[in-house]
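Dear colleague,

I am passing on the structure we spoke of, and I would be glad if you could look through it alongside the notes below.

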Amino acid sequence: MVPFSFAGETFYPTAEGALFWASRQALLVADLHLEKASWYARLGQFLPPYDSHATLTALAAEVERTGATTLYCLGDSFHDRFGCDRLPREARELLTSLTARLDWTWIVGNHDPGFADHCGGQIEEEVEIGPIILRHEAVRTEARAEISGHFHPKLRLQVKGRRVSRRCFVASPSKIIMPAFGSLTGGLDAHHPEILGSVGGNAAALVPVSDRLLRFPLAA
């Protein structure tokens, strides 16, 4: 993992879409959208029903790799407020094993408002840690340093005649918008006006690859 500095703190973004806050031993993820497939199935649109287990397996691997003791989910952790109730047994056991051994905080998003705590952890509207506020959706007028999710940013490029899409972090001097960590999530182009308007000027898309952190300036 290659570090970068934000608001006087050191963070390590991962290729899987997590952000490790070294001094806090905290792992940040956004937009897991657990049980998205089962939500669509109830509407008659059938998707492979393995999204929650795949997402949680990837998350558990990130916890082990970083040694995190604290975890913050920045909203839309479930695709709807009843998603926790629909978790298959193996996925629920994996999730509850994580929430039992970590200091785990669910930050509420627009997809999962009012969800009840059936899977462990604590639920917050937003969290302020030192100079940084964690929330689901960026607030354009926020003067404090802010980390959020919601937009699922992806960087789309033409490389040797092929169109390449990669999840990315969008960062400016005062804001970070995280990619979606969920295995069954789409994405909004990092150049989209909603993202650029929310993150402010002098923004760049950050793409972690192997032992490098690629930076792509984003023009407003």
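What follows is a short account of the chain as a whole, and then of one sheet and the helix that packs on it.

Please keep in mind throughout that this is a predicted model. The chain has 220 residues, of which 50% count as buried, and its secondary structure comprises five helices and 17 strands. Among the contacts between residues at least 6 apart in sequence, 63% join residues that are at least 24 apart. The exposed area of the chain comes to about 10,000 Å², with 52% of it supplied by carbon and sulfur atoms.

Turning to the sheet, seven strands form an open arrangement in the order E1-E2-E3-E4-E5-E6-E7, and their pairing is mixed. At its edges lie strand E1 (4–6) and strand E7 (122–124), each of which pairs on one side only, while the twist from one strand to the next averages 30°.

At the E1 edge, strand E1 runs antiparallel to strand E2 (residues 9–13), and three bridges join the two; within this pairing, Phe-6 stands opposite Glu-9 of E2.

Helix H2, which spans residues 51–66, packs on this sheet and touches four of its strands, namely E3 (19–21), E4 (26–29), E5 (70–74) and E6 (103–107). As for its orientation, the direction of helix H2 makes about 150° with that of strand E4.

With best wishes

Notes
Residues are numbered from 1 along each chain as its sequence is written. This is a predicted model: local features need pLDDT of at least 70, side-chain atom pairs count only at pLDDT 80 or more; totals for chains, interfaces and linings use all residues. Side-chain values use heavy atoms; hydrogens and water are left out. Buried means under 20% relative accessible area, exposed over 50%, partly exposed in between (1.4 Å probe, protein chains only). Contact means heavy atoms within 4.5 Å. Accessible areas come from the Shrake-Rupley method with a 1.4 Å probe; for residues, only the protein chains shown count as cover. Two strands pair if DSSP finds at least two bridges between them. Axes are lines fitted to C-alpha atoms, for helices over the stretch in contact, and angles run from 0 to 180 degrees between N-to-C directions.
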